[in-house]
Amino acid sequence: MWRELWTLAARAARGSRRLCTGQSSRAPAFGSGATIFALSSGQGRCGIAVIRTSGPASSHALRSLTAPRDLPPARSASLRLLSDPHTGEPLDRALVLWFPGPQSFTGEDCVEFHVHGGPAVVSGVLQALGSVPGLRPAEAGEFTRRAFAHGKLSLTEVEGLADLIHAETEAQRRQALRQLDGELGQLCRSWAETLTKALAHVEAYIDFGEDDNLEDGVLEQADSEVQGLVVALDAHLRDARRGQRLRSGAHVVVTGPPNAGKSSLVNLLSQKPVSIVSPEPGTTRDVLEIPVDLAGFPALLSDTAGLREGVGPVEQEGVRRARESCNFLDTVVALLGAQSQRLLLVLNKSDLLPPEGLGPSLDLPPHLLLSCLTREGLDGLLEALKKELAAVCGDPSTGPPLLTRTRHRHHLQGCLDALGHYNQTRDLALAAEALRVARRHLSHLTGGGGTEEVLDIIFRDFCVGK
């Protein structure tokens, strides 16, 4: 339905451009910059739908669709009747907001139409906007790309906005908000300022080293600043990729012998019947994966076949795949004792234990008791999972901002490599060039001098109205 509405709007926009060739000059001269429009709220029927425009013809579009035709006060909601600009047919009674640039999201003149969210209303308003000269449907991510082009957002803030739109868990939301607020960009800019200062000292020594006008210890001060930055960069690159793991989700594998309750646990954690539960051994014959929210952290939960000698080729293949994820019994217990892996030993069916419990004779590593039937012990398991996932993904609420993309790591590693060349060379001209390369990597990280190909990859994850 919504794709059809968008096609109609695009056709109307194309038609209006053909028709307006010989029209009078009462419409403003738009220049080379096109004005875009799109449905910005979610698809489907809703109480309120938000349609917005951005570009020099936004004010003309607002006047064309509304009565009265004067612009409302800036950044204040006004109730207006929306009408088709050609037929005068009423479309809806809506709230409109006028955001004159540069005080807007994109830095351009913007308009928001808050209309009733029925398909007929949205379709009518989109078609009406498409018929206004100078307007065209927006491409995916084009609003945000214009905000970046006008300096409203840095590239790391754009990435934070994309992550916020796609966030599914509390931890992802917190990390995305910190990046959208500019914490990573501010940190990179402070590092760049350090490099600029060190570069100025080196270049000053090259130009005026033979004079007596320089203070003593200029090069030593530059070396000290560079060494401090090397330590900071190295610490960020040694974060075990926590930020990237928090974006994509940690992998949690549930494995064990047949009939241990693995599928019951997966259903309990995912809060849906994703795995078949049966008293018959070997019910699960493949690795079943489901994305879940575990204590606020994203995770890919895997239910595996029970580890035994399979009675048929299908079950044998399932067991083989399960062993690829994790070998149980002696292997798991040994690893738990050595604490070399992040593993939790969960003993299910605690409701079948006698009143005295397991008894002191069993020599077991640290473990958790759980009953998938009565849910007793579930809170303790979730708390343990939260602790483990926080260690794997990092705590987005505290500490320095995390690196969330491979692109971030590439530029920080490039900066660190360039500083390594600075430390190794004895030629001051080469040392200065190494500092320029290091600073250039930090500039690319926040969006300065980025290539169009990189920008295309980043912005393609946005929806049409963002």
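In strand β6, the residue that serves as bridge partner of A49 is V115, strands being DSSP runs of E with at least two residues and helices runs of H or I with at least four, both numbered from the N terminus. The model is a predicted one, in which local features need pLDDT of at least 70 and side-chain atom pairs count only at pLDDT 80 or more, whereas totals for chains, interfaces and linings use all residues. Residues are numbered from 1 along each chain as its sequence is written, and side-chain values use heavy atoms, with hydrogens and water left out.

The pairing of A49 with V115 belongs to a set of 8 bridges that join β2 (residues 46–54) to β6 (residues 110–117), the two strands running antiparallel; two strands are taken to pair if DSSP finds at least two bridges between them. Within this pair, R52 has E112 of β6 as its bridge partner. Strand β6 is also joined by 5 bridges to β5 (residues 90–99), again in an antiparallel arrangement, and here W98 is partnered by V111 of β6. Strand β2, in turn, is joined to β1 (residues 35–39) by 4 bridges, and these strands run antiparallel, with I51 of β2 as the bridge partner of L39. The hairpin of β1 and β2 has 6 residues between the strands, and in this hairpin G44 takes a positive phi near 100°.

Residue S54 lies in strand β2. The residue is buried, with a relative accessible area of 0%, where buried means under 20%, exposed over 50% and partly exposed in between, as evaluated with a 1.4 Å probe on protein chains only. The side chains of S54 and T106 are joined by a polar contact of 2.8 Å, a term that denotes a pair of N or O atoms within 3.5 Å, of which, within protein, one must be able to donate a hydrogen and the other to accept it, residues adjacent in sequence counting only if both atoms are side-chain atoms. When neighbours within four places in sequence are left aside, S54 is in contact (heavy atoms within 4.5 Å) with A34, T35, I36, T106, E108, D109, C110, F143 and R146.

For the protein as a whole, there are 16 helices and 12 strands, and 44% of the 466 residues count as buried. Of the contacts with a separation of 6 or more, 65% are accounted for by residues 24 or more positions apart.
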